Amino acid sequence: MLAKKMETALVNQVHEEMYSFYLYLAMAEYAAAEGLPGLQHWMRNQALEEFSHAVKFMNYIAEKGGKSELKALQAPPKAWKSAKQVFEEALKHEGHITECINNLVDLAYTLKDHATVNFLNWFVGEQVEEEAAAKAVIDMINLTGNAPGGMFMIDRELAARPAAPNPYNPTPAA
Ligand code: FEO
């Protein structure tokens with residue numbers, strides 16, 4: 001059983017992950033409208049990853065005898081000034097998510113809930129990767145984005161991102 005305080009905090013995180021899904025989906029739509037199919041592909045796959053994070057939280061809450069009650073999602077922004085600004089906002093958003101995860105870990109330690117600490121450790125590592133991935137694209141844009149054809153080349157790089165696994169079955173069968 002989860003302590004009520006822990007359950008409420010984990011359910012809030014389901015909402016954070018679902019908003020992340022929605023935000024990256026909006027970024028994908030912006031990319032499509034700007035003629036950046038690689039960025040659209042990257043963001044759609046990022047959105048799917050976020051959905052899989054929400055599912056991971058929901059599965060864990062259910063395993064521990066709790067229940068996720070879904071809340072209304074706030075509309076994400078519709079437009080950004082540039083692809084660089086998209087990734088700057090993504091990095092800022094991931095910083096916020098890292099803070100959320102750290103707060104959950106702090107709460108789990110306070111409650112001596114070692115199972116939840118263990119569950120959250122995966123997300124601690126994942127956040128390092130998520131922030132690094134957004135920063136890597138910003139660095140790439142800073143290096144080549146202003147060169148002729150620079151954004152075209154970056155968009156091709158973004159198109160090479162592997163497809164996200166099925167969010168309901170994130171571990172592919174061996
Ligand atoms: Fe689910 Fe990008 O954090």
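The exercises below, each with a worked solution, concern a predicted model. Local features in this model need pLDDT of at least 70 and side-chain atom pairs count only at pLDDT 80 or more, while totals for chains, interfaces and linings use all residues. Residues are numbered from 1 along each chain as its sequence is written, and side-chain values use heavy atoms, with hydrogens and water left out.

**Exercise 1. Helix spans**

Task: Compare the end-to-end distance of helices α2 and α3 with the expected span.

Solution:
- Step 1. Helices are DSSP runs of H or I with at least four residues, numbered from the N terminus.
- Step 2. The expected span of a helix is 1.5 Å times one less than its number of residues.
- Step 3. Helix α2 has 27 residues and should span 39 Å; its end C-alpha atoms are 39 Å apart, so the two values agree.
- Step 4. Helix α3 covers residues 83-110, which is 28 residues. Its first and last C-alpha atoms are 41 Å apart, close to the expected 40 Å.
- Step 5. After α2 comes Gly65, with a positive phi near 85°. After α3 comes Lys112, with a positive phi near 55°.

**Exercise 2. An aromatic cluster**

Task: Describe the ring pair of Phe57 and Phe119, and then the cluster that contains Phe57 and Phe119.

Solution:
- Step 1. Rings of Phe, Tyr and Trp (its six-membered ring) pair if their centres lie within 6.5 Å; planes under 30 degrees apart count as stacked, over 60 as edge-to-face and the rest as tilted. The structure holds nine aromatic pairs.
- Step 2. In the pair of Phe57 and Phe119, the centres are 5.3 Å apart and the planes make 85°, which means that the pair is edge-to-face.
- Step 3. Phe57 belongs to helix α2 (residues 37-63) and Phe119 to helix α4 (residues 114-144), so this pair ties together parts that are 62 residues apart in sequence.
- Step 4. Classify the burial: buried means under 20% relative accessible area, exposed over 50%, and partly exposed in between (1.4 Å probe, protein chains only). Phe57 has 0% relative accessibility and is therefore buried. Phe119, at 15%, is also buried.
- Step 5. Trp122 and Phe123 make another edge-to-face pair, at 4.8 Å centre to centre and 85° between the planes. Phe123 is buried at 0%, whereas Trp122 is partly exposed at 39%.
- Step 6. Ring pairs join Phe57, Tyr60, Phe119, Trp122 and Phe123 into a cluster.

**Exercise 3. Charges over rings**

Task: Name the charged residue over Trp122 and the one over Trp42.

Solution:
- Step 1. A charge sits over a ring if NZ of Lys or CZ of Arg is within 6 Å of the ring centre and within 35 degrees of the ring normal.
- Step 2. Over Trp122 sits the charged end of Lys56, 4.1 Å from the ring centre.
- Step 3. Over the face of Trp42 lies Arg161, at 4.5 Å from the ring centre.

**Exercise 4. Salt bridges**

Task: State how many salt bridges there are, and place three of them in the fold.

Solution:
- Step 1. A salt bridge is a side-chain nitrogen of Lys or Arg within 4 Å of a carboxyl oxygen of Asp or Glu. By this rule there are four.
- Step 2. Glu29 and Arg44 form one, with 3.6 Å from N to O. Glu29 is in helix α1 (residues 4-33) and Arg44 in helix α2, so the bridge ties together parts 15 residues apart in sequence.
- Step 3. Arg161 and Glu49 form another, with the closest N and O atoms 3.2 Å apart. Arg161 is in the segment after α5 and Glu49 in helix α2, so the parts tied together are 112 residues apart in sequence. Arg161 is buried at 16%, and Glu49 is partly exposed at 22%.
- Step 4. Lys135 and Asp139 form a bridge at 3.1 Å, N to O. Both lie in helix α4, four residues apart, about one turn of the helix.

**Exercise 5. A buried acid**

Task: Find the salt-bridge status and the contacts of Glu126.

Solution:
- Step 1. Glu126 is in helix α4.
- Step 2. Lys and Arg count as positive and Asp and Glu as negative; His and the chain ends are not counted.
- Step 3. Glu126 is buried and has no salt bridge; Arg161, the nearest side chain of opposite charge, is 7.0 Å away.
- Step 4. Contact means heavy atoms within 4.5 Å. Leaving out residues up to four places away in sequence, Glu126 touches Glu49 and His53.

How values were computed: Helices (H or I, at least four residues) and strands (E, at least two) are DSSP runs, numbered from the N terminus.
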